[in-house]
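The following paragraphs guide the reader through a single structure. They begin with one group of strands and helices and proceed to the ligand, the sheets and some backbone details.

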Amino acid sequence: MPTTLSADELIASVPKHLLIGGRWVAGATRRTLAVDDPATGTVLCEIADADVEDGRQALDAAFEAQDGWADTPARERSDILRRAYEIILSRTEDLALLMTLEMGKPLAEARGEVAYAAEFFRWFSEEAVRVDGGFSRTPDGRNRILVMRQPVGPCLLITPWNFPLAMGTRKIGPAIAAGCTMVLKPAPQTPLSSLALARILQEAGLPDGVLQVITTSRPGDVVAPLLRSGQIRKLSFTGSTQVGRVLLAQCAEAVVRTSMELGGNAPFIVFPDADLDLAVEGAMTAKMRNMGEACTAANRLFVHRRIADEFGWRLAARMRSLRVGAGTADDTDVGPLIDEASRRKISALVNDAVSRGARVLTGGTAIEGPGYFYSPTVLTEVDLSSEMLKTEIFGPVAPIVAFDDEAEIVRTANATDWGLVGYVFTRDIDRALRLCERLDVGMVGLNTGLVSTPAAPFGGVKQSGLGREGGRVGIEEFLEYKYVAIPVRG
Ligand code: NAD
């Protein structure tokens, strides 16, 4: 459906306050924080900046609502998610424009994220009514074992800026389905999508107190007391490994359950028998989705030496053809980075790689502002000691490293603390399965550059995280087991 609102009207229509106990409130201090447009560097609007006291009130509201929400029939919870799914889809254009304004991604990608985000609600509306338990006998036949599944309790959900809508629905969907109340803390760079989403959930009939939204410029101060309170029973976090570690330590104090979706350093491996057209297309997707600002982004492109040159120039030609500009323009392929700090980091990584011998096939430069643009870049002959191979680039830079041998490249690919996703391109079925088994990752894209779908268990191993989101297991993260021992006499 085409948008009926201009950008200004759209921004004006979004709630700017905190959502606590079903009411939109300005917050204890009435302070505000600015939301910027990364394509221009200008302020889009001001929103409420929550303080520690607001965080406490939000938690109290979630705690208060928990028992009633857990008792709400699953069918009702499912119907709310289904209605929200329909509303989101009916407002695709408005939500996409809002996301583009606050985050920068091109409109076409934002529309894709709206569909992806909505799909989590549809998926979990279907899961809500399929939660079951168990009944069995002990091996000696004397006792019965009744196993119940119950909501884990009030949850704290913390989301990053790179997928402003989908990272929220991926957590809110299963929490609603399982019967948990929640406090959502979106990233301060992109809160508008979450605020618009909360309004949609209200329209869909979500009872007061089930979802609170607190936006804040001081996440550390606001979140730490919540995790220590003893009332939060679960933290579901998506963000950097660095912040994830801090939160895991805080959760340890009050033994809070966690799901952690953290950073990645994805290897993208192309064997000489691969379909090269497919591999280049896959690299474009795995590298350039979201301007490279994705945890799943191909971060290290390992290409067999026999085809490394051809792959490099083909990829460079595709990257050169991309149009860089404001995400709101219809013909834009690549939007701005989220902020100047990110652009500076990427420039430094490229300079470091070049100083170690990398050749620039295309790009390699920051684009003059306004806005935080960086040119789509392909580097080849990147030395393994380069900093960009050891950290998340989080930008439109594809570093190519040539390799000779399968066993060697598996070792190199696994030589990182991260393990979110890996991509493998080969037509050899034995090699494909070997690689799928041997890569230390939670997900593999086999001859594809895209793994994300609500129907699959998304998540990583090693320092890429704990737990999974989506798929059949997504709801499990929000459920507890309770077992009842029943002796049967006679
Ligand atoms: P970030 O870790 O800086 O912030 C994530 C969230 O944590 C934000 O809401 C932020 O305000 C909050 N936060 C920051 N410090 C905090 C603290 N001390 N206490 C509580 N909350 C705090 O990450 P980002 O820059 O917003 O997002 C990019 C990162 O997210 C990348 O590392 C990316 O790989 C990762 N990511 C992972 C996945 C996944 O599914 N594995 C998905 C998207 C993004």
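Strand β7 (residues 155-158) and strand β8 (residues 182-185) pair in the parallel sense over four bridges; strands here, like helices, are DSSP runs numbered from the N terminus (E, at least two residues, for strands; H or I, at least four, for helices), and two strands pair if DSSP finds at least two bridges between them. The model is predicted, so local features need pLDDT of at least 70 and side-chain atom pairs count only at pLDDT 80 or more, whereas totals for chains, interfaces and linings use all residues. Residues are numbered from 1 along each chain as its sequence is written, and side-chain values use heavy atoms, with hydrogens and water left out.

Within this pairing, Leu157 stands opposite Leu184 of β8. Helix α6 (residues 166-178) joins β7 and β8 in a right-handed β-α-β unit, where right-handed means that, with the strands pointing away from the viewer, the path from the first strand over the helix to the second runs clockwise. On its other pairing, β8 runs parallel to strand β9 (residues 211-213), with three bridges between them, and Val183 has Gln212 of β9 as its bridge partner. Helix α7 (residues 192-203) forms a further right-handed β-α-β unit with β8 and β9. Which way do the side chains of β8 point? Met182 and Leu184 point one way, Val183 and Lys185 the other way, and all are buried, that is, under 20% relative accessible area, with exposed over 50% and partly exposed in between (1.4 Å probe, protein chains only).

The ligand is surrounded by 28 residues, of which the closest are Thr159, Arg170, Ser240, Leu262 and Glu392; a residue is counted if one of its heavy atoms lies within 4 Å. Several polar contacts, pairs of N or O atoms within 3.5 Å, reach oxygen atoms of the ligand. A polar side-chain atom of Trp161 lies 2.8 Å from one such oxygen, a backbone N or O atom of Gly239 lies 3.4 Å from an oxygen, and a polar side-chain atom of Glu261 lies 3.5 Å from an oxygen. Taken alone, the ligand exposes 850 Å², and the protein buries 87% of that, with areas from the Shrake-Rupley method and a 1.4 Å probe.

Two open sheets come next. One has three strands in the order β5-β6-β22, with antiparallel pairing. Its edge strands, β5 (134-137) and β22 (479-487), each pair on one side only. Four bridges join β5 to β6 (residues 143-151), and Gly134 is partnered there by Val147.

The other sheet has seven strands, ordered β14-β17-β18-β13-β12-β19-β20, with mixed pairing. Because β14 (359-362) and β20 (443-446) stand at the edges, each with a single partner strand, one side of each is left without a neighbour in the sheet. Inside this order, β12 (residues 266-270) and β13 (residues 298-304) run parallel over five bridges, and Pro267 has Arg300 as its bridge partner.

Some backbone details remain. Most residues other than glycine have a negative phi, and most peptide bonds are trans. The bond from Gly369 to Pro370, however, is cis, with omega near 10°; Pro370 lies in the loop between β15 (366-367) and β16 (373-374). Asn290 has a positive phi, near 65°, and is found in the loop between α10 (276-288) and β13. Is Asn290 buried or exposed? Asn290 is buried, with a relative accessible area of 0%. Glu381 also has a positive phi, about 55°, in the loop between β17 (377-380) and β18 (397-403), but Glu381 counts as partly exposed at 46% relative accessibility.

Definitions and conventions:
Polar contact = N/O pair within 3.5 Å; in protein donor to acceptor, adjacent residues only side chain to side chain.
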